[in-house]
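Here is a structure to explore at your own pace. Please have the viewer open, and turn the model as you read.

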Amino acid sequence: MSTIRNEEIPDLLAVSRNMHFNIYRDYRNGFIICESCSEYAPIDDFKETFESMVPVILEHGIGKFIFDKRAMRAFHQPTMEWYFVIWKRKLLEIGLNTHRKILPEEAWFQKCVEAGRATILAENPDFRIDLLDIKYFDSISDCIRN
Amino acid sequence: MFFVRLVFVISNVHKRQKMIFQDTDTGIPKNNEVAYLERIQALEQMLQMTTKYLGTIETEMRKKNELLEACSHKFNESLAMSSLLQQAIMPSECEFKRKFAQSFVFFRPKDVIGGDTLWMREREGYLYLACIDCTGHGVPGAMLTMAAHFCLNASFENTPSDNPAVLLKRFNTQFYNHFHLSNVKEGGLSHGLDIGLIIINPHRNEVRYAGTRQNLVVTNRKSAKMYKGNAGYIGNKILHLDLSHRIKVVKGDKFFMFTDGIYDQFGGQKNKKILSSRILKVLEHTHSASMEHQKEFLETILTTWQGNEDQTDDILIVGFSFE
């Protein structure tokens, strides 16, 4: 049993931890959780963490990625573009298309995310967002359930 | 609001930059100045990007609003014209007053146009008057009223009878065939209408009445009486018209026909329907007043009862007396 932000999630296995992210996986249900734990992650640290998840996903045949961004207060648009266009495409190629996300409560941050996503999609018209199943929830439990 | 918050966050970051080696909130190592600068840049980018994005949304919304306004204008113009057409097929209050000096027509559709209508024709001194309530209101109701007039006119021309039940039977057949209502089971439309039909025979001082789900109210100095309509409705394959009334006209008697809009109006302290019993009492108690005053009474009662509630349905009331 692990505790993520006061939520008790059974059968979680800590995969790795660094200054900005905690990574967990649950081999039984086939999901991986990336929990942000700092307000901002520089692009190199971000890429390194996310690249490190790919072999774990491949190895365990994980089908769902949960990104808990609640600690974040700033995002770097080139980082987000990489995450969205490069990393998600890579995941799609290895068979993971289910993304569940949790945003910080602040409306301004949510609006910025919306603006960022609209900008990325406008600048990358070839990106097939329709192939991805992306949903937003308020808790890890909801992300796991849905 | 979130702009203010975002600017606040950026200004705080600038402040923090000055005390760069004390800050641990961001998770960035104290000596990583490049990462700090990247974070400031990221926040500034977020602000710029979101401002631009909101600007785009605002422009799109403005365009859509303009489009909506244009559509709404076109739609309202179309409705206003339809309303004129709908009123043109009904006898006007002036026309009605020429037949009955003491009379009124109270017509208040729920929307600009509606499913209630009045029909009047004359033949060999007999006056035919129908109060009609079509299924629904608004545009579909109004379209049905046009069809009802057409069918009723055709039935009237082909039925030389002073028996309202005979005319209503013919009308029902005409309406049923006109709308191919026999095809309802194969996906055809299902609709109909309630009607009250009066035929006034001036030679015998007699009124004949038949209706479907509509009653006729007659008041005199002593009481108010309700003549019941039949249970079926126009649009049924088979229409039973067992109830048909002959009423001897006495000078001073007043006749009222209603669609169910006034009875069904919600309001009052407990937000309930007005119901026919209340309206009957009002007509009974105000019998000695002029028809104009009775119309005003009904309007006042309706408005007071309705209060801030929406109008439930189209409302049509016709009243006349024999002098």
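The report below goes from confidence to folds, then to cores and two backbone oddities.

## How far to trust the model

Please keep in mind that this is a predicted model. For the complex, the predictor gives an ipTM of 0.77 and a pTM of 0.67. Chain A has a mean pLDDT of 91, with 96% of its residues at 70 or more. Chain B averages 87, and 88% of its residues score at least 70.

Confidence also varies along each chain. Among the elements of chain A, strand 1 (residues 2–4) has the lowest mean pLDDT, at 66, while strand 6 of chain A has the highest, at 97. In chain B, the stretch to treat with care is residues 17–22, where pLDDT stays under 50. For that stretch the model has six contacts beyond four places in sequence.

## Chain A: strands and helices in turn

Chain A has 146 residues, of which 32% count as buried. Its secondary structure comprises four helices and eight strands. Reading from the N terminus, the order is β-β-β-β-β-α-β-α-β-α-β-α. Of the contacts in chain A with a separation of 6 or more, 73% are between residues 24 or more positions apart.

Which way do strand 6 and strand 7 of chain A run relative to each other, parallel or antiparallel? Strand 6 (residues 64–68) and strand 7 (residues 98–102) of chain A run parallel, joined by five bridges. To find this pairing in the viewer, look for F65(A), which stands opposite H99(A) in strand 7 of chain A. Together with helix 2 (residues 77–93) of chain A, strands 6 and 7 of chain A make a right-handed β-α-β unit.

Strand 7 of chain A also pairs with strand 8 (residues 133–136) of chain A, in parallel and over four bridges. Here R100(A) has K135(A) in strand 8 of chain A as its bridge partner. Helix 3 (residues 107–123) of chain A joins strands 7 and 8 of chain A in another right-handed β-α-β unit.

## Chain B: an open antiparallel sheet

Chain B has 323 residues, and 31% of them are buried. Seven helices and 12 strands make up its secondary structure. Of its contacts between residues at least 6 apart in sequence, 66% join residues at least 24 apart.

One feature to look for is an open sheet of five strands in chain B, with the order 1-12-9-6-7 and antiparallel pairing. Strand 1 (103–108) and strand 7 (224–227) of chain B stand at the edges; each has a single partner strand, so one side of each is left without a neighbour in the sheet. From one strand to the next, the twist averages 15°.

At the strand 7 edge, strand 6 (residues 216–219) of chain B pairs with strand 7 of chain B in the antiparallel sense over four bridges. T219(B) has A224(B) in strand 7 of chain B as its bridge partner. Elsewhere, helix 7 (residues 291–306) of chain B lies across strand 1 and strand 12 (315–321) of chain B, and runs at about 25° to strand 1.

## Two nonpolar cores

Which residues touch the most other members of the largest nonpolar core? They are I198(B) and V318(B), in a core of 50 residues. Strand 4 (residues 193–201) of chain B gives the most to this core, with six residues. Not counting residues up to four places away in sequence, V318(B) touches V105(B), L118(B), C131(B), F256(B) and M257(B). There is also a second, separate core of 33 residues, whose members include F31(A), I33(A), I62(A) and F65(A).

## Two unusual backbone angles

Most residues other than glycine have a negative phi. N271(B) is not a glycine, yet has a positive phi of about 50°. This residue lies in the loop between strand 10 (266–267) and strand 11 (272–273) of chain B. Is N271(B) buried or exposed? N271(B) is exposed, because just 9 other C-beta atoms lie within 10 Å, and a residue counts as exposed at 12 or fewer.

L275(B) also has a positive phi, of about 75°, although it is not a glycine. L275(B) is in the loop between strand 11 and helix 6 (276–285) of chain B. With 12 other C-beta atoms within 10 Å, L275(B) is exposed too.

Key
Residues are numbered from 1 along each chain as its sequence is written. Chains are lettered from A and ligands numbered from 1 in the order in which they are written. This is a predicted model: local features need pLDDT of at least 70, side-chain atom pairs count only at pLDDT 80 or more; totals for chains, interfaces and linings use all residues. Helices (H or I, at least four residues) and strands (E, at least two) are DSSP runs, numbered from the N terminus. A residue is buried if 20 or more other C-beta atoms lie within 10 Å of its own, exposed if 12 or fewer, and partly exposed in between; C-beta atoms are placed from the backbone. pLDDT is the predictor's confidence in each residue, from 0 to 100. Two residues are in contact if their C-beta atoms, placed from the backbone, lie within 7 Å. Two strands pair if DSSP finds at least two bridges between them. Axes are lines fitted to C-alpha atoms, for helices over the stretch in contact, and angles run from 0 to 180 degrees between N-to-C directions. A crossover is right-handed if, with the strands pointing away from the viewer, the path from the first strand over the helix to the second runs clockwise. A nonpolar core is a set of buried Ala, Val, Leu, Ile, Met, Phe, Trp, Tyr and Cys residues joined through C-beta atoms within 7 Å.
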